[in-house]
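Colleague: I am new to reading models like this one. Could you walk me through the words people use for them?

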Amino acid sequence: MGEKIPFLDVSSEIGKLKGVMLHRPGKELERITPEYLHALLFDDIPWLRRMQEEHDGFAEALRARGCTVYYYEKLLEDIMKNKEVKKQLVCEVVENCGVADPELEDMIKEFLIEKTEKEVTEIFIAGLHKKDFPNIKKKRLGDYIKEEYPFYINPLPNLYFTRDPGAVIGNGLSIHAMNTHARERETMILKYLYDFHPIFQKESTPLLYDYSYKNPIEGGDILVLSEGVIAIGCSERTSARAIEDLTMNLFEKNKNFKEVIAVQIPFKRSYMHLDTVLTMVDYDKFTIYPGVEDRLKAFRLTYGKIYPKVEVMKDLKTTFKKALGLSAVDFIQSGGGDEVTAAREQWNDSTNTLAIAPGVVITYNRNEASNETLRKHGIEVVEIEGSELVRGRGGPRCMSMPLMREKI
Ligand SMILES: NC(=O)NCCC[C@H](N)C(=O)O
């Protein structure tokens with residue numbers, strides 16, 4: 001019998017993208033109110049219909065280049081066709097949403113188990129509003145105290161940023177411990193997809209990190225530079241300890257990997273992950289936000305018995321050059337050489353490009369100066385609309401979880 005070809009395979013940032021997981025924004029976005037804006041990690045309230053059109057445009061741009069799009073919600077529905085899995089997932093979700101009264105908790109579980117897998121999927125993502133649940137009599141103190149909060153189950157408006165809950169690295173999967181409560185369920189569900197969906201081929205896919213680990217790490221901080229090196233941002237969202245843990249697991253489970261480059265970026269919301277200031281666009285090219293370039297610190301991590309050995313590096317460019325075995329690396333500054341434009345466009349994710357092949361990237365069309373600069377450096381730029389999508393503070397890279405890339 002021939003050897004099974006691994007479905008998950010991401011050995012670079014730029015190899016031709018063959019399979020990607022997306023989530024089309026849905027009702028969950030219509031549950032953001034000004035009061036809960038910041039807790040839900042938004043700065044503004046998007047217009048859903050336009051956002052969906054823009055997202056469909058993104059998916060079309062990917063398909064047009066030969067990439068298969070898998071939707072998170074479809075995979076979730078698939079696994080819940082197994083009644084046991086559905087029950088287990090319902091219990092775990094409900095037990096983690098902080099309902100004070102155990103009787104009420106049981107009622108919510110029963111309510112969900114009665115629903116079809118499509119309906120449960122929608123509730124897991126859009127949340128369960130109290131008005132959508134049969135009237136209950138308040139009994140416990142907690143029922144009164146929490147009555148102002150509108151949801152039994154929180155909505156997940158950030159789910160369309162599929163980059164963050166998990167990352168395929170080589171043939172392994174890293175399932176992240178999210179930094180904020182608002183995004184925890186995204187990663188819990190991803191673990192179920194890994195456990196039960198055939199495309200994740202659990203038996204041949206090593207788990208490199210688990211959401212039950214206590215140190216936070218998010219996918220926007222992980223860049224797969226090559227078959228043997230990854231870079232991980234140490235950021236507002238990703239802790240140094242998590243970087244060490246993932247590094248140790250990676251060295252143990254995939255012998256191709258011999259080094260990890262940790263990149264410290266300023267701990268600030270506008271730069272929340274490494275990929276909001278730096279992405280790889282070609283074999284030897286990166287786009288970078290010039291406003292932070294001098295403040296990025298690089299550390300080289302190699303194998304150590306209990307934790308990785310740390311080497312403090314001189315600068316990021318030389319570190320990348322060495323790690324990739326290149327004679328030169330081009331850092332393309334976003335914003336077209338103007339400080340103000342660069343800052344404005346970075347806020348709108350100019351540096352959050354998604355490479356779909358070597359030297360070909362998807363970006364938002366609104367970042368005109370940065371796109372022009374990329375073109376001047378020989379990059380093919382595929383533009384998409386993003387006026388509503390951008391309001392969640394993420395670009396094409398954040399909105400995609402690559403599952404398979406061709407080897408380069
Ligand atoms: N990789 C990324 O930079 N993702 C963007 C995530 C935006 C989302 N509103 C968040 O704050 O988590």
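Colleague: What makes the strands in the order 2-1-19 an open sheet?

Modeller: This is a predicted model, in which local features need pLDDT of at least 70 and side-chain atom pairs count only at pLDDT 80 or more, while totals for chains, interfaces and linings use all residues. Residues are numbered from 1 along each chain as its sequence is written. Now to your sheet: three strands line up in the order 2-1-19, with mixed pairing. Strand 2 and strand 19 (401-405) are its edges, since each pairs on one side only. Strands here are DSSP runs of E with at least two residues, helices are runs of H or I with at least four residues, and both are numbered from the N terminus.

Colleague: How do you know that strand 1 and strand 19 pair?

Modeller: Two strands pair if DSSP finds at least two bridges between them. Strand 1 (residues 17-22) and strand 19 have four bridges, in the antiparallel sense, so they pass that test. As an example of a bridge, G19 has M404 in strand 19 as its partner.

Colleague: What makes helix 2 a neighbour that packs on this sheet?

Modeller: Helix 2 (residues 72-80) touches strand 1 and strand 2. Contact means that the C-beta atoms of two residues, placed from the backbone, lie within 7 Å. The direction of helix 2 makes about 60° with that of strand 2. For such angles, axes are lines fitted to C-alpha atoms, for helices over the stretch in contact, and the values run from 0 to 180 degrees between N-to-C directions.

Colleague: Why is the sheet with the order 16-17-18 called mixed?

Modeller: Strands of a sheet can pair either parallel or antiparallel. Here three bridges join strand 16 to strand 17, which run antiparallel, whereas five bridges join strand 17 (residues 360-364) to strand 18, which run parallel. Both senses occur, and the pairing of this open sheet of three strands is mixed. Its edges are strand 16 (354-357) and strand 18 (380-384). The twist averages 35° from one strand to the next. Among the bridge partners are L354 with I362 in strand 17, and Y364 with I384 in strand 18.

Colleague: Which helices lie against strand 17 and strand 18?

Modeller: Helix 1 (residues 48-64) packs on the sheet and touches strand 16, strand 17 and strand 18, with its direction at about 150° to that of strand 18. Helix 11 (residues 368-376) lies across strand 17 and strand 18, running at about 155° to strand 18.

Colleague: What makes a hairpin of strand 16 and strand 17?

Modeller: These two strands run antiparallel, with two residues between them. In the turn, G359 has a positive phi of about 75°. Strand 13 (residues 297-302) and strand 14 (residues 309-312) are antiparallel as well, joined by four bridges, and their hairpin has six residues between the strands. In strand 14, V310 is the bridge partner of L301.

Colleague: How do you know where domain 1 ends and domain 2 begins?

Modeller: The bounds come from an automatic or database domain assignment. That assignment gives 17-71 + 157-405 as domain 1 and 74-153 as domain 2. Their C-alpha centres lie 31 Å apart. Where they touch, domain 1 gives 14 residues and domain 2 gives 15. On the side of domain 1, strand 2 (68-71) and helix 7 (184-196) each give two or more residues, and helix 7 gives the most, with six.

Colleague: Which residues come nearest to the ligand?

Modeller: Of the 14 residues around the ligand, L41, G220, H273, G394 and C398 come nearest. A residue belongs there if its C-beta atom, placed from the backbone, lies within 6 Å of the molecule.

Colleague: And how confident is the predictor in the protein chain?

Modeller: The mean pLDDT is 95, and 97% of the residues reach 70 or more. On this scale, from 0 to 100, pLDDT is the predictor's confidence in each residue. The model also scores ipTM 0.98 and pTM 0.96.
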